[in-house]
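Me: I have a structure open and would like to go through it piece by piece. Can you help me read it?

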Amino acid sequence: MKSRTFTGIAFCSPLIFGLVAFTILPVLASLWFSLCNYPILDPPRFVGAANYVELARDDRFWHSVRNTFTYVLLSVPLGMIVGLGLALLLNQKVSGIKVFRTLFFLPTVVPLVANSVLWVRLLNPQQGLVNTFFRAMHMPEAWVPGWLSDEHWALPGLVLMSLWGAGGGAVLYVAALQDVPKELFEAAELDGAGPSQRFRHVTIPMISPVLLFTGVMGLIGGFQEFARAFVMTKGGPWDSTLFYCLHLFNSAFTEFRLGYASAMAWVLFAIILAATAIVMRSSSKHVQYEQ
Amino acid sequence: MVSLTYLPRNEAMRRPRPIYPRLSLVGRLVIGASLGLLVGGCLPQPGPEPHVITVWQPFDASLQPALDHVVAEFERSHPGIKVRMSFASNDLTSSQKLFLAIAGGVGPDVTFVDGQQLSEWAARGALADLTESFEKSDLKKEDFWIPRWKESTFRNHVYAIPWGADPNFAFVWNKDMFRKAGLDPEKPPRTIDDLDRMADKLTVVDKQGNISILGINPWEWEGANSMFTWGYAFGGSLYKEPDQDHPLGTVTADDPKVVEALEWMAKFGRKYDVRKVNSFTTQVIGIGNDPFFAGKSAMRLMHVSQIKQLRKYAPTMDFGIGLIPAPLDGEYPNGWIGGWSLAVPRNKKVRPEAFEFIKWMCTSKEATTIEANEMEQFPAYAKSQVFERLSKDPIRGVFYKILANAKHVRTLMPVQGYYMERIGRAMDEVLYGGKAPAAALGKVRVDVSKRLEAVADDLAQHENKEQKQK
């Protein structure tokens, strides 16, 4: 038995080594670095909580926190609503529905950088397709958004772009919708429930675990938003799309202040942990699991 | 097929005995490793390569053929040395690959470094001191364009040899668009008032208030670069060279002439709406769609390497090229010099063959010719014979004039990356937020000066430590 355990561990050893060397140790090292001044070319020098104190006083840090929270609060619920709406449409029994499911899922598999380049074009205030559509709808010129050139519209522009990937969530919702027992709808219908009541009181509770899952994953991903802003705006105009992770990246790899960036990473970890805990705790009242 | 799951004990016992003797896992690993070593040892081993030098370059793929050519030329003229050149990105502030490699002790023998990075990288201890190799060689600092030489030294030590010299920038205008607007195509703006007047005539705004033709976008060169360009043209300076009281130089971001330059840009931004100007010029994908190349913008500041693009994307354009306009009390001719240099990372010994490569790249006839002809860049080696031809060229001759007259570089302070970032943000505050230029640039001066003091303290600590060790 002992040799079997040993053999088992030996077979797992590459994975264990990888986990320890490339995940656990760097994570612990970053905790240590967050307490150091570490300009990468010199060894880390212990400075206590100085990095955390500086964070609290850094205007740009708070600005990036505000931007990131705004982005999460807009993109996560909107992404879920659009994803669910798509799923309801894709759950219809019409011919060619598989083609539509593939089409809506497609943006999820397109690389983010390619997507970003495409969206810079779509969001061009003068020739972009989005504003061309608004103008075709006779929107007054003063209302047509300046998107990535306008500090008020750049963040909503990135939120709009994030909805492009709502098809990924929709696939999960379709699976969940198809799992809802038909008897429940029949029973509700016999009791006189209309379509909206059936949706509110049968569909939503039955797919609530999937909603919770996509919500939590969206929350975690939203707080870590980086690539779109890095490729499309570099944080501008006027820092309006300076997300937390972009500020962290700049601190670490442009200014080479690895200690400061590590402190930011740990604060982000605390924020995500707290946000996830709040959602999970409050979910017990709303999420129903099948017995 | 054998399942990977464990078989029940009695079933396992029914398995046929293996014909090889039973060995523990450790025993099998030892035998396997020994066999591997034995086989490896029998294979022919490559001979030692004492004269291979590794070089990291930052250029895009379009310059690869020219780089391959220059390496081939070097190897032909230096039979004992092989060059392995590979790409390492450099965003003009940092080079992640290089810094991480230096920290890990695996940097290349030679690396390109941008002129504005040098003092900062030298102060951080990223580069090896080349003073000794330079003094032993037959190179002289007078052989290089002076601003570029300054950008290759820090506190009287040589940390790089200048390779390229970018005359920033030339003023280019579309003559057809001048004609259409009723302007004399042979008379470009000389002063900022001329420029304002012409931009006004050339710009066309449609009924909906959107720009359909633009005169010029003064801040098209990423934030800080525009500030350096116009700041110098207005007669200002963004730094003062080191003196006894300020051994690392002085930040002068809110020099009255620099403030004046930003005030002019702010006025321009208010008139044409900064958001509309930016959406017209910067939210563009693909060089061919650049408004100037597409005939939608009449004037722009151009880098020497863009002449090639102009010929490619607008082959029929009738254009003129000259000096950047400046106020009458400003600086004319004006311009500042940038460019790449070649250096050795700090954890590498300065190998004689590596220094020979640097010297050859920066000064040889072959290398500077390829640099000028195939890479469309100007050598930093002022004695290069290519200038005889370049100075007479109707287009590149203008760049030569800028190069020969320019006194400035961006700055020579070891906080350049931070300075550029802070200037860019101050410009956003002014152009987008309507903040007063003097206040925004004043804040830059205070912030960057603080950072400069911190660097000075760090350097002093390092020096004390080194002296104690000695």
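Me: How many helices and strands does chain B have?
Reply: Chain B has 19 helices and 16 strands. Keep in mind that this is a predicted model.

Me: ok, and what share of chain B is buried?
Reply: Of its 470 residues, 52% are buried. The surface that chain B exposes comes to about 22400 Å², and carbon and sulfur atoms supply 54% of that area.

Me: What about contacts in chain B, what part joins residues 24 or more positions apart?
Reply: That part is 74%, counting contacts with a separation of 6 or more.

Me: Which strands make up the open sheet in chain B?
Reply: There are 5 strands, in the order β2-β1-β3-β16-β6, and the pairing is mixed. The edge strands are β2 (82-87) and β6 (161-162), each of which pairs on one side only.

Me: mixed how? What holds strands together anyway?
Reply: Strands of a sheet pair through backbone hydrogen bonds, and the pairing is either parallel or antiparallel.

Me: Then how do β1 and β3 of chain B run, parallel or antiparallel?
Reply: They run parallel. Strand β1 (residues 52-57) and strand β3 (residues 110-114) of chain B are joined by 2 bridges. If you want a spot to look at, W56(B) stands opposite T111(B) in β3(B).

Me: Switching to chain A. What is it built from?
Reply: Chain A has 13 helices and 2 strands. Its C-alpha atoms fill a box of roughly 75 × 70 × 35 Å along the principal axes. Of its 291 residues, 41% count as buried.

Me: and what supplies its exposed area?
Reply: Carbon and sulfur atoms supply 71% of the roughly 16300 Å² that chain A exposes.

Me: Where does the nonpolar patch on the surface get its largest share of residues?
Reply: From helix α4 (residues 97-109) of chain A, which gives 7 residues. The patch includes V99(A), F100(A) and L103(A), and the whole patch has about 760 Å² of accessible area.

Me: F105(A) is in that patch too. Why does it count as partly exposed?
Reply: F105(A), found in helix α4 of chain A, counts as partly exposed because its relative accessibility is 32%, and that class lies between 20% and 50%.

Me: Last one: why is helix α12 of chain A called largely enclosed?
Reply: Because 8 of the 10 residues of α12 (residues 244-253) are buried. Among them are Y244(A), H247(A) and F249(A).

Me: What do those buried residues pack against?
Reply: In chain A, they pack against α3, α10, α11 and α13. They also pack against α4 (96-104) of chain B.

Definitions and conventions. Residues are numbered from 1 along each chain as its sequence is written. Chains are lettered from A and ligands numbered from 1 in the order in which they are written. This is a predicted model: local features need pLDDT of at least 70, side-chain atom pairs count only at pLDDT 80 or more; totals for chains, interfaces and linings use all residues. Side-chain values use heavy atoms; hydrogens and water are left out. Buried means under 20% relative accessible area, exposed over 50%, partly exposed in between (1.4 Å probe, protein chains only). Helices (H or I, at least four residues) and strands (E, at least two) are DSSP runs, numbered from the N terminus. Contact means heavy atoms within 4.5 Å. Accessible areas come from the Shrake-Rupley method with a 1.4 Å probe; for residues, only the protein chains shown count as cover. Patches are made of residues with over 30% relative accessible area and no salt bridge: like charges are joined within 9 Å, nonpolar side chains (Val, Leu, Ile, Met, Phe, Trp, Tyr) within 5 Å. A salt bridge is a side-chain nitrogen of Lys or Arg within 4 Å of a carboxyl oxygen of Asp or Glu. Two strands pair if DSSP finds at least two bridges between them.
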